[in-house]
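This report describes where charged side chains lie and how they pair. The sequence and the structure are shown first.

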Amino acid sequence: MIKAILLDMYGVIIKQTGDDFVPYIHRTHPELTAEQIQSPWFRANAGEVTSLDIWRELGFTEDPEELEKEYLDTLELNDNVLDFLRSAQGKYKLALISNDSSGWSRYVREKFQLNQYFDAISISGDIGIKKPDERIFRMTLEKLDVPASDCLYVDDRVKNLKATGLLGMHAVQLNSRGEEYTGTSFATFRELTQALEEGRLETSEATDLRPNVTMPSFL
């Protein structure tokens with residue numbers, strides 16, 4: 001029985017997957033390679049530098065707080081995600097697990113008033129552990145105090161879905177990235193909501209759609 005739902009941020013709660021960041025920087029700094037742009041971004045997501053350091057390391061001379069706000073204000077919530085969260089709240093424990101810098105995550109969560117929906121929040125920039133490292137999932141399960149077998153994890157990236165399958169969670173894809181996934185996949189939150197309401201993710205058949213591995217549940 002599903003008692004908790006754990007959600008990714010980018011490509012799930014937020015419409016953008018993060019793939020727009022390199023093109024966004026190229027508007028003003030076309031000379032930078034993708035690797036040069038991603039390096040400080042990835043290190044901020046790991047908690048090694050702050051989100052403001054990203055802009056400084058990329059050679060921007062303007063106020064990094066203003067630059068950060070300008071970029072983050074381009075982000076949008078995914079369609080029907082607030083309806084999903086409001087409907088799920090009270091029926092399930094809810095958690096957010098995101099590979100993100102502390103500053104960016106805090107700004108986005110406050111802007112869209114997301115904190116109120118979650119019983120647990122695990123941000124890679126806060127704890128220095130990124131998905132698909134199983135430790136970030138285990139830490140979140142501890143916060144929720146729910147066994148992995150009673151959790152549904154929603155992500156757009158297949159590598160993260162496979163990691164939660166190894167822990168014994170039900171893993172479903174919100175397919176915003178177009179990655180091929182052999183398990184259960186939904187195009188929209190409306191479809192996911194309907195599947196939950198109909199109990200299609202509570203059945204043993206739903207477990208069979210996870211990655212084909214046999215590992216013990218966490219709790």
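## A charged patch on the surface

Glu-62 lies in the loop that runs between α3 (51–57) and α4 (64–72). In this predicted model, Glu-62 has a relative accessibility of 46% and is therefore classed as partly exposed, the range between the buried limit of 20% and the exposed limit of 50%.

Glu-62 belongs to a surface patch of negative charge, together with Asp-63, Glu-65, Glu-66 and Glu-70.

## Salt bridges between distant parts of the chain

The count of salt bridges in the model is 16. One of them joins the side chains of Asp-150 and Lys-3, with an N to O distance of 3.6 Å. This pair connects distant parts of the chain, 147 residues apart: Asp-150 is in the loop between α8 (134–144) and β4 (151–155), and Lys-3 is in the segment before β1 (4–7). Asp-150 is buried, at 12% relative accessible area, whereas Lys-3 is partly exposed, at 42%.

A salt bridge also forms between the side chains of Lys-131 and Asp-8, at 2.7 Å from N to O. Here 123 residues separate the partners: Lys-131 sits in the loop between α7 (124–127) and α8, and Asp-8 in the loop between β1 and α1 (21–26). Both Lys-131 and Asp-8 are buried.

## A pair within a helix, and a network

Arg-138 and Glu-134 form a salt bridge whose closest N and O atoms are 3.0 Å apart. The two residues are four positions apart in helix α8, so about one helical turn separates them. Arg-138 is partly exposed, at 26% relative accessible area, and Glu-134 is partly exposed, at 38%.

Elsewhere, salt bridges with shared partners connect Asp-19, Asp-156, Arg-157, Arg-177 and Glu-179 in one network.

Conventions. Residues are numbered from 1 along each chain as its sequence is written. This is a predicted model: local features need pLDDT of at least 70, side-chain atom pairs count only at pLDDT 80 or more; totals for chains, interfaces and linings use all residues. Side-chain values use heavy atoms; hydrogens and water are left out. Patches are made of residues with over 30% relative accessible area and no salt bridge: like charges are joined within 9 Å, nonpolar side chains (Val, Leu, Ile, Met, Phe, Trp, Tyr) within 5 Å. Accessible areas come from the Shrake-Rupley method with a 1.4 Å probe; for residues, only the protein chains shown count as cover. A salt bridge is a side-chain nitrogen of Lys or Arg within 4 Å of a carboxyl oxygen of Asp or Glu. Lys and Arg count as positive and Asp and Glu as negative; His and the chain ends are not counted. The place of a charge is taken as NZ of Lys, CZ of Arg, CG of Asp or CD of Glu. Buried means under 20% relative accessible area, exposed over 50%, partly exposed in between (1.4 Å probe, protein chains only).
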